[in-house]
Amino acid sequence: MKWLESAPFDRHDLSVFLRHLALLTPDAIPVVAVSRSGADCTGLDAWYGPASLLEVWPY
């Protein structure tokens, strides 16, 4: 998990995440980013922002 206030999730963040993931499991699992500031890279299986999360949150 990584939280950036004002920068999008980018290829550097993805690279670091994938290296750490490889240390945890050899299994292929979906790569999902949840970011307040968007995503600026390819290679994600999904990306969710604040509006996406609020759409499914029960009020």
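Is V34 buried, partly exposed or exposed? V34 is partly exposed, because its relative accessible area is 42%. Welcome to this predicted model, a protein chain of 59 residues in which 17% are buried. The points below begin with the whole chain and then visit a handful of residues, some covered and some open to the surroundings.

**The chain as a whole**
- Two helices and four strands make up the elements of the protein chain.
- Reading from the N terminus, you meet these elements in the order β-α-β-β-β-α.
- Along the principal axes, the C-alpha atoms fill a box of roughly 40 × 25 × 15 Å.
- The chain exposes about 4900 Å², and carbon and sulfur atoms supply 62% of that area.
- Take the contacts between residues at least 6 apart in sequence: 50% of them join residues at least 24 apart.

**F9 and the nonpolar core**
- F9 sits in strand β1, which covers residues 9–10.
- With a relative accessible area of 13%, F9 is buried, because the cut-off for that class is under 20%.
- F9 belongs to the largest nonpolar core, a set of five residues that also holds L14, V31, A33 and L44.
- Beyond residues up to four places away in sequence, F9 touches L14, A33, S35, G38, A39, D40, C41 and L44. Among these partners, L14, A33 and L44 are fellow members of the core.
- R19 is ten residues from F9 along the chain, and the C-alpha atoms of the two are separated by 16 Å.

**S35, a buried residue in a loop**
- S35 is found in the loop between β2 (32–34) and β3 (39–40).
- The relative accessibility of S35 is 8%, so this residue counts as buried.
- A polar atom of the S35 side chain lies 2.8 Å from the backbone oxygen of G38.
- Leaving out residues up to four places away in sequence, S35 touches A7, P8, F9, W47, Y48, G49 and P50.

**V34, L53 and the surface patch**
- V34, the residue from the opening question, lies in strand β2.
- L53 has its place in helix α2, which spans residues 50–56.
- Like V34, L53 counts as partly exposed, because its relative accessibility is 40%.
- Setting aside neighbours within four places in sequence, L53 is in contact with V34 and Y48.
- The C-alpha atoms of L53 and V34 are separated by 8.9 Å, while the two residues are 19 residues apart along the chain.
- What do these residues form together with V32? V32, V34, Y48 and L53 form a nonpolar patch on the surface, with about 330 Å² of accessible area together.
- Y48 links two parts of this briefing, as one of the patch residues and one of the residues that S35 touches.

**E55, on the exposed side of the cut-off**
- E55 lies in helix α2, the helix that also holds L53.
- The relative accessible area of E55 is 67%, so E55 is exposed.
- E55 and S35 are 20 residues apart in sequence, and their C-alpha atoms are 15 Å apart in space.
- Side by side, the two residues fall into opposite classes: S35 is buried at 8%, whereas E55 is exposed at 67%.

Notes
Residues are numbered from 1 along each chain as its sequence is written. This is a predicted model: local features need pLDDT of at least 70, side-chain atom pairs count only at pLDDT 80 or more; totals for chains, interfaces and linings use all residues. Side-chain values use heavy atoms; hydrogens and water are left out. Buried means under 20% relative accessible area, exposed over 50%, partly exposed in between (1.4 Å probe, protein chains only). Contact means heavy atoms within 4.5 Å. A polar contact is a pair of N or O atoms within 3.5 Å; within protein, one must be able to donate a hydrogen and the other to accept it, and residues adjacent in sequence count only if both atoms are side-chain atoms. A nonpolar core is a set of buried Ala, Val, Leu, Ile, Met, Phe, Trp, Tyr and Cys residues joined through side-chain atoms within 4.5 Å. Patches are made of residues with over 30% relative accessible area and no salt bridge: like charges are joined within 9 Å, nonpolar side chains (Val, Leu, Ile, Met, Phe, Trp, Tyr) within 5 Å. Accessible areas come from the Shrake-Rupley method with a 1.4 Å probe; for residues, only the protein chains shown count as cover. A salt bridge is a side-chain nitrogen of Lys or Arg within 4 Å of a carboxyl oxygen of Asp or Glu.
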